[in-house]
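Q: I would like to learn how to read helices, their packing and unusual backbone angles from a set of coordinates. Where should I begin?

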Amino acid sequence: MANEKPLRKISQAFKELEAAVNSQTAEIEVAPFSSACSLVSPLFGCLGIAFKFAEIDYVAKVHDLAEASKSISTLPVLLDRDIEGDSVRKAGSHSRNLLRVKRGLDMVRVLFEQIIVTKGNSLKDAASKAYAQVFAPHHGWVIRKAVAAGMYALPTKEQLLHKLNEDGE
C-alpha cells in the first residue's frame, strides 16, 4: 500500500456505485460491485489477527461474486437466479456470499463511524462495537470469545491510519 490511499479509492468506487443506484435503472452490475468490494479487503488485514478470519471469508466471497460477474450481469439477476434455483440459503450460493460481503461492508462502515466518534488512540472500543453490531449476532460463543481476545491485538488508531497512508483528516 506504499503511497496509495486505499480509503480514497474505496470512496471513489462506492460513489460510482451510488450513481448507478440513483440512475434510471437503479440496477448495480455485479462486476463493478465486486471490484469496489475488493478494494475493502486490505482494511481487514490492517486490523490484525482479530479480523483475520473475517478477511479470509470476505476475500473468498468477493472472489465468488467477481467470478459470477462473468455470467451474471446485475445483483437483482444474481438474486433471482438463486431464488429460482432454491439456493438462497445454501452455503456457497452467490446470494449467501452477497449477504456475507454486505456484512463485511457494514462492519467497515460501523468501524469507521465509531473511529470518528471515539476519543483516544485505541481501536478496541470502536472495533468491539462494530463487531457486536454486525457480526456477533451471527457467531457462536466460541467465535465471539476468540474475537474478543483478538481485540487486544488491534493496532492503535494512529497505526491503522499510518498503514492506510492517511493523516486522520
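A: Begin with how elements are named: helices are DSSP runs of H or I with at least four residues, numbered from the N terminus. By that naming, N165 is found in the segment after α9 (157–163). Keep in mind that this is a predicted model.

Q: What is phi of N165, and is N165 buried or exposed?

A: Phi of N165 is near 60°, which is a positive value in a residue other than glycine. N165 has 23% relative accessibility and so counts as partly exposed, since the buried class ends at 20% and the exposed class starts over 50%.

Q: Where is D86, and what is its phi?

A: D86 sits in the loop between α5 and α6. Its phi is near 50°, again positive in a residue other than glycine. D86 counts as exposed because its relative accessibility is 62%.

Q: How do I compare the span of helix α4 with what is expected?

A: The expected span is 1.5 Å times one less than the number of residues. Helix α4 (residues 52–68) has 17 residues and should therefore span 24 Å; its end C-alpha atoms are 24 Å apart, in agreement. Helix α1 (residues 6–21), with 16 residues, reaches 23 Å from first C-alpha to last, close to the expected 22 Å.

Q: Which residues of α1 are buried, and where do they lie around the axis?

A: An α-helix has 3.6 residues a turn, so residues three or four places apart point the same way. In α1 the buried residues are P6, I10, A13 and L17. They cover an arc of only 70° around the axis, which puts them on the same side of α1. These buried residues pack against α2 (30–38) and α3 (41–46).

Q: Which residues of α4 are buried, and what covers them?

A: The buried residues in α4 are E55, Y58, K61, V62, D64, L65 and A68. Their cover includes α2, α3, α5 and α6.

Q: How is the packing of α5 and α6 described?

A: Two packed helices are described by the angle between their axes and the distance between the axes. The axes of helix α5 (residues 75–84) and helix α6 (residues 94–117) come within 8 Å and cross at roughly 130°. The two helices are therefore oblique to each other.

Q: Which residues of α5 and α6 meet, and of what class are they?

A: From α5, L75, L78, L79 and D82 meet H94, S95 and L98 of α6. By class, this contact has four nonpolar, two polar and one charged residues.

Conventions: Residues are numbered from 1 along each chain as its sequence is written. This is a predicted model: local features need pLDDT of at least 70, side-chain atom pairs count only at pLDDT 80 or more; totals for chains, interfaces and linings use all residues. Side-chain values use heavy atoms; hydrogens and water are left out. Buried means under 20% relative accessible area, exposed over 50%, partly exposed in between (1.4 Å probe, protein chains only). The arc is that of the directions from the helix axis to the C-beta atoms. Contact means heavy atoms within 4.5 Å. Axes are lines fitted to C-alpha atoms, for helices over the stretch in contact, and angles run from 0 to 180 degrees between N-to-C directions. Angles under 35 degrees count as roughly parallel, over 145 as roughly antiparallel, 65 to 115 as roughly perpendicular and the rest as oblique. Ala, Val, Leu, Ile, Met, Phe, Trp, Tyr, Cys and Pro count as nonpolar, Asp, Glu, Lys and Arg as charged, and the others, Gly among them, as polar.
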